[in-house]
Each structure stands twice: as C-alpha cells, then as structure tokens.
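Let's take a friendly walk through this model, starting at the ligand and ending at a single side chain. Please have the viewer open as you read.

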Amino acid sequence: MDIVVFGAGSLGSLVGGLLAREHAVTLVGRDPHVAAVRESGLRVGGQFDFTVRPDATTDGTGLAADLAVVTVKAFDTAAAAEALATGRFDAAISLQNGMGSEETLAASLDCPVLAGTATYGAVRREPGAVDCTGRGEVVLGPREGGTSEAADRAGRAFSTAGVETTVADDMPRRLWEKLAVNAGINATTALARVENGALLDGPASEVAGDAARETARVARAEGVELGDDEAVEAVERVARATAANTSSMQQDVLAGRRTEIESINGHVCARARERGKSVPVNRTLTNLLRARERDRPQD
Ligand code: KPL
C-alpha cells in the first residue's frame, strides 16, 4: 500500500517507521529530521531496532496515496488539511491527541476520514531517529461509529506491518476514553516533570485519576457511556504500558514548544461549560499550562 504519514514528530516517525517495514511510506515533516531521513534512513530504536528508508519530504502538497495518516499536533490540523486537499487519497485517518481533528480533515478532504487513537510511547531523540518507549496499540474505525471497508483496509495495512491494531465500531466512545487518558497523563506529567509510570502511584496519580474521572463525567453528559472507573483504569493501563515514556506534552514543555493543552484539558473544560458541569482539576491543569505558554516565545 502507498501511505503518506503527515507529521514526523515522535508518534508520526514511529508509526511511519513501523509501516515502512511493509508499505511504501512517504513521511512529511520538517528539516533537519527530513534531511537526516533522506540521507541515512529512519532509525527506530528503544523497543525496536531497525532502519527503514521511507521517502521523506517537507512539502505535503500534491501527494497521492491509498492512505494518509495524519499525526500532526492538533493545532496544525487545519494547515495539514489544506495541504492534503491538494493531493489525492482513498482514505485518511487522524492519529492525533485531542478531539475534533477528524471533522477539520473531513471538511477539506474528498475521501473517507477515519478516527484513530494511538497509545504507543515515542520520543524523537535526534534527527533521523525515533525510539519506541512503550508498545501500545492503534484503534481505528469510522468516526461516527459502525463499520466501513476503508476502516477494514486501513486496519489490515497497520496489522500486516506489525502495528498492534484493533478496528473498532465504537470510535466516539474510544475517542473520549483516549481524551480521558491524555487529560490525566499529559498535563500532569508535564507539570510534575515525571515519566508516565509515576502516575501508577503517589501524589501525581491522584491528579491524573481526578482529571480522567471529570472527563468521563463530561463524556456521559454528551451521551457517551464511559464510566469513571473505566476512565481511571484506561489511564493506569496506558501509564503502565508507557511507564518509561516522557509524555508528548512534557516533551513539548521541555523543548519550549507550544503544547496541545487546548485540545486536551482545555477541550474538556469547554465541553463541560456547555453542559453546565464543573471540572476543577482540568481547569487548574489548563490554566497552569496556559500560564507557562504565555511566556513562551512565539513559533
Ligand atoms: O498519547 C500519549 C502522549 O504522550 O501524548 C501517551 C499515550 C500518553 C503516551 O505518552
């Protein structure tokens, strides 16, 4: 299969590297990473040890493939959609943190847009190299729920490349569960400066559990059946599977980059406000990250 992976950050590079073992992959990203991949290939380390040679480009316009896998940060989705709309794809899938990116892509693209979640831990340590710090899984399916041929095809493409994959018919619920996981893990680890495994016990685990419980409450107000215990168990499961991982938000804070706080805890707060629910832990986490970002140099 021809696959474009749009976004060559930590997760995009890992997913692109895994898919490139079986498929013809084009990785869309930025220099110096793209230049290094072109020069010496993409090294995938940590829990894997192999090098692949995907095509790599900094120009995401005019591409054509069977599948576009979108892995950019949530706030870069509109720009990605605009670039992808100049190309041709049979299907696209969002493998991004936060919620709402599928709708942004679907508004621009002339192909089925699938929803997906990924709980692999990944860190891009240097240009041309990415480490897998935790083997999670990819779950994908039609974004409204149900089944589709496009989802089955994408699922087979991921599975044959050795990516642990489930094709699901309940993506709306899965997206809320993943939001609860990210709402619990990302901001908490970024502020406490701890790895994901530190959320399995101790003071930070209480904050993560409360943020996840609040997210489940908002999900239920939106008609999605996600129990408090299920949300907390999902946080624990992912924290265990990615115990050695530095969450993507902590990586962003450490590198002085913009974070995805608005599309994770900020999104929970916005939806809670609409439903008249109070989510004090998510609000505190959001405000603390916003306070940090106010002093960050602009991109
Ligand atoms: O999605 C993640 C992230 O860091 O953004 C998890 C799964 C929590 C892995 O760290």
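Which residues are around the ligand? In this predicted model, they are Asn97, Thr119, Gly121, Asn182, Ile185, Asn186, Asn196, Val238, Thr242, Asn245, Ser247 and Ser248.

The make-up of this shell is worth a look if you are thinking about chemistry. The table gives the residues by class.

| Class in the ligand shell | Residues |
|---|---|
| Nonpolar | 2 residues |
| Polar | 10 residues |
| Charged | no residues |

Where do these residues come from? Domain 1 (2–167) and domain 2 (171–294) each supply at least three residues to the shell around the ligand. Among the helices and strands, helix 6 (residues 171–192) gives the most, with 3 residues.

Now to the annotated part of the chain. An unreviewed UniProt entry places the feature "domain: Ketopantoate reductase N-terminal" at residues 3–144. Over residues 3–144, strand accounts for 40% of the chain and helix for 24%. The C-alpha atoms at the two ends of that stretch are 23 Å apart.

Finally, a residue to zoom in on: Leu18, which sits in helix 1 (residues 10–19). Is Leu18 buried or exposed? Leu18 is buried, because 25 other C-beta atoms lie within 10 Å, and 20 or more are needed for that label. Beyond its neighbours within four places in sequence, Leu18 is in contact with Ala161, Gly162 and Val163. Val130 is 112 residues away from Leu18 along the chain, yet their C-alpha atoms are separated by 11 Å.

Key: Residues are numbered from 1 along each chain as its sequence is written. This is a predicted model: local features need pLDDT of at least 70, side-chain atom pairs count only at pLDDT 80 or more; totals for chains, interfaces and linings use all residues. A residue is near a molecule or strand if its C-beta atom, placed from the backbone, lies within 6 Å of it. Helices (H or I, at least four residues) and strands (E, at least two) are DSSP runs, numbered from the N terminus. Ala, Val, Leu, Ile, Met, Phe, Trp, Tyr, Cys and Pro count as nonpolar, Asp, Glu, Lys and Arg as charged, and the others, Gly among them, as polar. Domain bounds come from an automatic or database domain assignment. UniProt positions are given in the numbering used here, feature names are shortened, and annotations may be inferred rather than shown by experiment. A residue is buried if 20 or more other C-beta atoms lie within 10 Å of its own, exposed if 12 or fewer, and partly exposed in between; C-beta atoms are placed from the backbone. Two residues are in contact if their C-beta atoms, placed from the backbone, lie within 7 Å.
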